[in-house]
Amino acid sequence: MVRILLVEDQPSLRRLVGEVLEFSGYQVVAVADGQTALDLLRSGEFVPELILSDLLMDSLGGAALLDAVRGEWLWRDIAFLLMSGQDQLAALGEELNHEVDGYIAKPFGIKEILAAVQQALARHQPASIDESNDNQLLA
C-alpha cells in the first residue's frame, strides 16, 4: 500500500483530503504542520512515498519542508506535492519547480487531487528491469 504524508493546517481540509486518499486505497498519516511532519520523518516511524503539503502554515511551511526533505539523501526520492491558493503558487515562480513534483491550486476537486497524486507517484516509480535483456547479457 502506498504511504502518503498529508501536511495541512486546516482541520476540515486535512480530514477531507485524508479520507479521499484513504478511500482511494492509500495509507495516510495526516499532520497539522511542517515541523510535525519533519519530526515524524526523522523518527523513522513513517516513511512515505509521497508528501502532500500545504504551502503556508504557521510552523514550518511547505517550501521549508520541501527544502528539508530534498536536503536529506534518505528522503530525496519521496514525491512531493504542494497545495495552496493560485496566487500563492504563482508567487513561487521558478525557484521550486525543479524540486517539487507538482502543485495543486486551492480550491481543488477530488479528481484533481487524485490525478496529481497518481502523476507524482508515477514519476517516482523505479524503472522496471527487463529480465530478458539481463539474461541475454549473462548468456
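**Questions about helix H5, strand E4 and their surroundings**

Reader: Which residues are exposed on the other side of H5, away from its buried residues?
Author: This is a predicted model, and a residue has to have over 50% relative accessible area to count as exposed. On the other side of helix H5, the residues that are exposed are Lys111 and Ala122.

Reader: Thanks! Within what arc do the buried residues of H5 fall, seen down its axis?
Author: The buried residues of H5 are Ile113, Leu114, Ala116, Val117, Ala120 and Leu121. They line one face of the helix, because the view down the axis of H5 puts them within an arc of 160 degrees.

Reader: Which elements do those buried residues of H5 pack against?
Author: Let's go through them along the chain. The partners include strand E1 (3–7) and helix H1 (11–23). The buried residues of H5 also pack against the strands E3, E4 and E5.

Reader: How far apart are the end C-alpha atoms of H5?
Author: Helix H5 covers residues 110–123, which is 14 residues. At 1.5 Å a residue, a span of 20 Å is expected. The model agrees with this, because the end C-alpha atoms of H5 are apart by 20 Å.

Reader: Now to strand E4: how many of its residues are buried?
Author: E4 takes up residues 79–85 and is mostly covered. Buried here means under 20% relative accessible area. In E4, the count of buried residues is 7 of 7.

Reader: What is the hand of the β-α-β crossover from E3 to E4?
Author: Strand E3 (residues 50–54) and E4 run parallel and are joined by 5 bridges, with leucine 50 opposite alanine 79. Between the two strands the chain passes through helix H3 (residues 62–71), and this β-α-β crossover is right-handed.

Reader: Which residue in E5 is the bridge partner of methionine 83?
Author: E4 is also joined to strand E5 (residues 102–106), by 5 bridges, and these two run parallel. In E5, methionine 83 has as its bridge partner isoleucine 104.

Reader: Is serine 53 buried or exposed?
Author: Serine 53 lies in strand E3. Its contacts beyond four places in sequence are Val7, Gly62, Leu65, Phe80, Leu81, Leu82 and Met83. Because its relative accessibility is 0%, serine 53 counts as buried.

Reader: And valine 2: how far is it in space from glycine 25, C-alpha to C-alpha?
Author: Valine 2 sits in the segment before E1 and counts as partly exposed, because its relative accessibility is 28%. Not counting residues up to four places away, valine 2 touches Tyr26, Gln27, Glu49 and Leu121. Valine 2 and glycine 25 are 23 residues apart in sequence, yet their C-alpha atoms are apart in space by 7.9 Å.

Reader: Let's step back to the whole chain: in what order do its elements run from the N terminus on?
Author: The chain has 6 helices and 5 strands. From the N terminus on, the order is β-α-β-α-β-α-β-α-β-α-α.

Reader: What share of the contacts between residues at least 6 apart in sequence joins residues at least 24 apart?
Author: The chain has 139 residues, and 42% of them are buried. Among contacts between residues at least 6 apart in sequence, the share that joins residues at least 24 apart is 61%.

Reader: One last point: over which residues is the pLDDT below 50?
Author: The mean pLDDT of the chain is 85, and 81% of the residues reach 70 or more. One stretch with pLDDT below 50 has 1 contact beyond near neighbours in sequence. Where pLDDT is low, the predicted coordinates should not be read in detail. That caution applies to residues 128–139.

Definitions and conventions:
Residues numbered from 1 in each chain as written. Predicted model: local features only at pLDDT ≥ 70, side-chain atom pairs only at ≥ 80, totals over all residues. Heavy atoms only, no water. Buried < 20%, exposed > 50% of the residue type's maximum accessible area, 1.4 Å probe, protein only. Helix = DSSP H or I, 4+ residues; strand = E, 2+ residues; numbered from the N terminus. Pairing = 2+ DSSP bridges. Right-handed = clockwise from strand over helix to strand, strands pointing away. Expected span 1.5 Å × (residues − 1). Arc of directions from axis to C-beta. Contact = heavy atoms within 4.5 Å. pLDDT = per-residue confidence, 0-100.
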